[in-house]
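Thank you all for coming; I would like to take a few minutes to walk through a structure that is new to most of us. Please have the sequence and the model open as I speak.

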Amino acid sequence: MANIKLENVQKSFGDETVIHDVNIDIRDGEFVILVGPSGCGKSTLLRMIAGLESVSGGEVQIGGTVVNDMPPKARDIAMVFQSYALYPHMTVAENMGFSLKLSKVDKAVIEEKVNNAAAILNLGPLLKRHPRELSGGQRQRVAMGRAIVRDPQVFLFDEPLSNLDAKLRVSMRTEIKELHQRLKTTTVYVTHDQIEAMTMADRIVVLHQGYVQQMGTPLELYDHPANLFVASFIGSPGMNLIHGRPGRETRFEVRGGGELPLGELDTSKAPGEAVYGIRPEDISLVDDGVPVEVVSVEPTGAEIHVVARLGDQHVTVVFRERHDVHPGDTIHLGLNLEKVHLFDADSGERLAWHTTTRAA
């Protein structure tokens with residue numbers, strides 16, 4: 001196992017820079033997920049760690065060694081791709097042990113390592129089958145087993161669950177997390193799915209347009225987003241982001257009409273346009289609160305998602321209780337002021353803030 005350190009890492013293709021001065025320090029044995037929308041640079045960054053892409057600037061260190069000029073095979077890493085890339089004519093056991101065979105490892109050692117990996121991944125009964133005889137989840141486990149037998153100091157996963165159906169992705173998330181807890185191998189995992197990132201990672205790196213927006217634990221990012229991008233990207237449904245400006249007597253004037261409470265939130269750094277942020281589950285139904293008009297009601301079973309109109313904007317509320325509300329109704333909302341964020345409308349950065357414990 002080893003730590004990974006990226007110092008001012010850059011990547012350019014011709015005149016276009018796609019990775020901008022990235023600094024990330026991944027601790028030994030940590031499970032870190034790179035997350036962001038398509039085109040944000042997360043897979044490119046992973047491939048730079050693996051040695052599959054050259055580094056245009058800065059340093060990539062693995063275990064304290066600068067590996068910029070090392071070929072992939074010298075970095076002691078194992079990578080699992082979105083494509084399983086299994087050899088169709090080989091059995092599961094042969095696929096898992098093929099890299100060791102190429103390295104001329106003794107057959108008995110290969111068999112032992114393959115059997116150990118198969119036991120970890122519950123592949124024992126499948127070792128004599130061919131890939132065509134396996135389900136998608138089983139094929140992905142074989143690809144993971146092929147990485148495990150190499151006993152690398154770093155695992156790299158590039159969107160390994162993207163080809164699986166929704167139910168299987170959930171179970172595979174659990175399997176990969178359990179695998180990490182058992183092996184304790186430093187792991188870097190790429191996904192565009194923020195739910196995947198939230199449920200699996202020790203820490204998350206949020207990327208956008210080649211820049212690191214924020215790095216922290218899942219709950220740090222959820223509770224204290226550094227900017228509007230992180231606030232909108234992390235969470236499902238996303239944080240309500242309501243445009244307007246701080247007004248009179250600790251009130252926020254909503255664009256298009258209406259007001260929201262600010263409590264004692266410090267608005268000194270937001271003299272003009274700002275964005276008021278609050279998550280859907282931090283809003284409740286009260287008798288005397290902020291009046292809004294219900295636009296739609298979406299029952300999910302465990303929850304009810306209500307979209308309401310405030311001024312010329314929409315607010316999403318998540319109710320755990322089964323309130324009897326309908327489109328066109330006027331309801332009144334209470335907000336947990338401890339959970340309110342204020343963002344600069346121009347820069348997107350979260351402003352300094354302080355709240356009381358009362359709701360309004």
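The largest pocket holds about 400 Å³ of space, and I should say at once that this is a predicted model. Which residues lie closest to the centre of this largest pocket? Of the 17 residues that line the pocket, the closest to its centre are M79, F81, S99, R146 and R150. The elements that give two or more residues to this lining are β6, which covers residues 77–80, together with α2 and α4. Sorted by class, the lining of the largest pocket has 13 nonpolar residues, 1 polar residue and 3 charged residues.

Let me stay with those two helices for a moment. Helix α2 runs over residues 92–102 and helix α4 over residues 136–148, and the two pack at an angle of about 35 degrees with their axes 7 Å apart. The contact is made from the α2 side by V92, N95, M96 and S99, and from the α4 side by V142, G145 and R146. By class, these contact residues divide into 3 nonpolar, 3 polar and 1 charged. As for handedness, the crossing of α2 and α4 is right-handed. Please note that S99 and R146 belong to this helix contact, and that both are also listed among the residues closest to the centre of the largest pocket.

Now to the second largest pocket, where about 320 Å³ of space lies. This pocket is lined by 14 residues, and those closest to its centre are A93, E94, G97, K101 and I110. Helix α2 appears here again, since α2 and α3, the latter covering 107–120, each supply at least two residues of the lining. What classes of residue make up this second lining? There are 7 nonpolar, 2 polar and 5 charged residues.

I would next like to point out two details of the backbone. Most residues other than glycine have a negative phi, and most peptide bonds are trans. D21, in strand β2 (residues 16–26), has a positive phi of about 45 degrees although it is not a glycine. The peptide bond from S236 to P237, in turn, is cis, with omega near -5 degrees, and P237 is found in the loop between α8 (228–233) and β11 (240–246).

Finally, the overall layout: the domain assignment gives domain 1 as 4–223 and domain 2 as 239–353, and the C-alpha centres of domain 1 and domain 2 lie 39 Å apart.

Terms used: Residues numbered from 1 in each chain as written. Predicted model: local features only at pLDDT ≥ 70, side-chain atom pairs only at ≥ 80, totals over all residues. Heavy atoms only, no water. Domains from an automatic or database assignment. Axes fitted to C-alpha atoms, helices over the stretch in contact; angles between N-to-C directions. Helix = DSSP H or I, 4+ residues; strand = E, 2+ residues; numbered from the N terminus. Left-handed = near helix turned anticlockwise from the far one by under 90°. Contact = heavy atoms within 4.5 Å. Nonpolar A, V, L, I, M, F, W, Y, C, P; charged D, E, K, R; others polar. 1 Å grid on protein atoms, 1.4 Å probe; cavity = no way out; pocket = protein on both sides within 12 Å on 5 of 7 lines; lining within 4 Å. Points joined across faces, edges and corners; volume = space filled by probe spheres on them.
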